[in-house]
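This report covers local backbone features, buried positions, nonpolar cores and overall dimensions, in that order.

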Amino acid sequence: MYTRELHDVRPSPVENGVPLQGTWTRPFEEVDLLQVQRPYPFPLPRGLRDYRIKEWESFVIQDDRFLLSARLCNFKYYRSALVIMYNKESNERLDFRKIIPGGAWRLPRYLNNASVDSHSYGFFFRIHTWLDAGTISMELDIERTSKRPPFTALATFDVSAKKTTPMAVSLLFSEHRNMYTYKALAAVSGDLVSGGQHFHFDPLRTSGLFCDYKGFFPLRTRTSWVSGMGFDSQNRRFGFSLGESQAKEPYRNNENALWLDGALSPLPPVKITQNYADTGSEWIIQDMEGMVDLVFTPKESEGPAGRPLSARDEMNPLGLYNGLLVSSGGEEISLRNVWGSAEKLYLKV
């Protein structure tokens, strides 16, 4: 059975100018990757080093009826916002994407009490991380256009220590370049208004995954993520988040995790296989330890989408997971038509 060392809480993923490598079950007090000394073999001024750090915050929320996915990204050369709302019963999908040149705002360096928002004509998106109070909240407000109805959502994650164990990792791309992520699966409460109808997120049946990323990602970044959540045969909340990236020593440390009834199980590295040319083909997600064996079948997807200001292609399908997950304690979780999302990203910026 795969095991991974879980380290004691540290104030930062960078110590004495050197990035750490490891997995923790508590967030860092502050994440400032500009503290890394000489991340590149040649000296760069602080401003150029800052432009090499890419960062984003994202969440996925779902209950029996809706799947809501959104993120705010700061790639320094430009910022972007993405919102996807899918109604499982009516098969209706709402997409909102926004690209803003420049990197005027920054994502918070700490999560104890901080917020970030993006707003423009007809659009407002705010994420408030308040881990000192055990909550993460988000607000979304998208006005009506000729192509989509108005949409408003308010949601709060219950990330108190008694309810869920988060995961924070620092992974190395090289000796002096790293990426950090914080992930937490939690019960979600809130409200959603779409097309003039009001819906309530019941925390007993609604789950959410929140992620915070920062890193000196490679100039050519290729990565895939898959995540899903639901309730098992004993009505216990579970969820998973798996990624395949260019980080070194993935067996020793990676960003893969399973949550079962609030308990965290670090998972081994996985191989995610998918026919990039066929957006409707199945994704195969497997490991070498027998703890991950999943098939993701896209049900609602778009083709590869290019982006201005950079070489960027991405896919964001929604769909169903079938297969098996095994917790650190050896408990098997059988997945049958569990809803979730996937992403394949190529970024050169």
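## Two residues with positive phi

N337 is partly exposed because its relative accessibility is 46%; buried means under 20% relative accessible area, exposed over 50%, and partly exposed in between, with a 1.4 Å probe and protein chains only. N337 sits in strand β27, residues 332–348, and has a positive phi of about 55° although it is not a glycine. Strands (E, at least two residues) and helices (H or I, at least four) are DSSP runs numbered from the N terminus.

E249 also is not a glycine, and has a positive phi of about 50°. Its place is the loop between β18 (237–244) and β19 (257–260). With a relative accessible area of 45%, E249 is therefore partly exposed.

## Basis of the model

The model is predicted: local features need pLDDT of at least 70, side-chain atom pairs count only at pLDDT 80 or more, and totals for chains, interfaces and linings use all residues. Residues are numbered from 1 along each chain as its sequence is written, and side-chain values use heavy atoms, with hydrogens and water left out.

## Two buried positions

P268 lies in the loop between β20 (263–266) and β21 (271–273). Its relative accessibility is 1%, so P268 counts as buried. Leaving aside neighbours within four places in sequence, P268 is in contact (heavy atoms within 4.5 Å) with Y2, N254, N256, D287, E289 and M291. Of these partners, N254 is 14 residues from P268 in sequence, with a C-alpha to C-alpha distance of 7.4 Å.

A153 belongs to strand β12, residues 151–158, and counts as buried because its relative accessibility is 0%. Outside four places in sequence, A153 contacts L68, M138, E139, L140, D191 and L192. The C-alpha atoms of A153 and D191 are separated by 5.7 Å, although the two residues are 38 apart along the chain.

## Nonpolar cores

In soluble globular proteins, nonpolar side chains tend to be buried together. A nonpolar core here is a set of buried Ala, Val, Leu, Ile, Met, Phe, Trp, Tyr and Cys residues joined through side-chain atoms within 4.5 Å. The largest one has 47 residues, and those with the most contacts inside it are F59, I61, L68, V83, L140, F151 and F157. Strand β14 (residues 177–194) supplies the largest share of this core, six residues. Another core, of 30 residues, lies apart from it and includes F217, A257, W339 and L345.

Which residues does F157 touch, not counting those up to four places away in sequence? They are F59, V60, I61, G134, T135, I136, A186, A187, V188, G208, L209 and F210.

## Overall dimensions and surface

The chain contains one helix and 27 strands. Its C-alpha trace spans about 55 × 50 × 45 Å along the principal axes. The radius of gyration is 19 Å, which agrees with the value near 20 Å for a compact globule of 349 residues; the radius is taken over C-alpha atoms, and the globule rule is 2.2 Å times the number of residues to the power 0.38.

Buried residues make up 56% of the 349 residues. Of the contacts with a separation of 6 or more, 56% are between residues 24 or more positions apart. The accessible surface, from the Shrake-Rupley method with a 1.4 Å probe, comes to about 14,900 Å², and 49% of that belongs to carbon and sulfur atoms.
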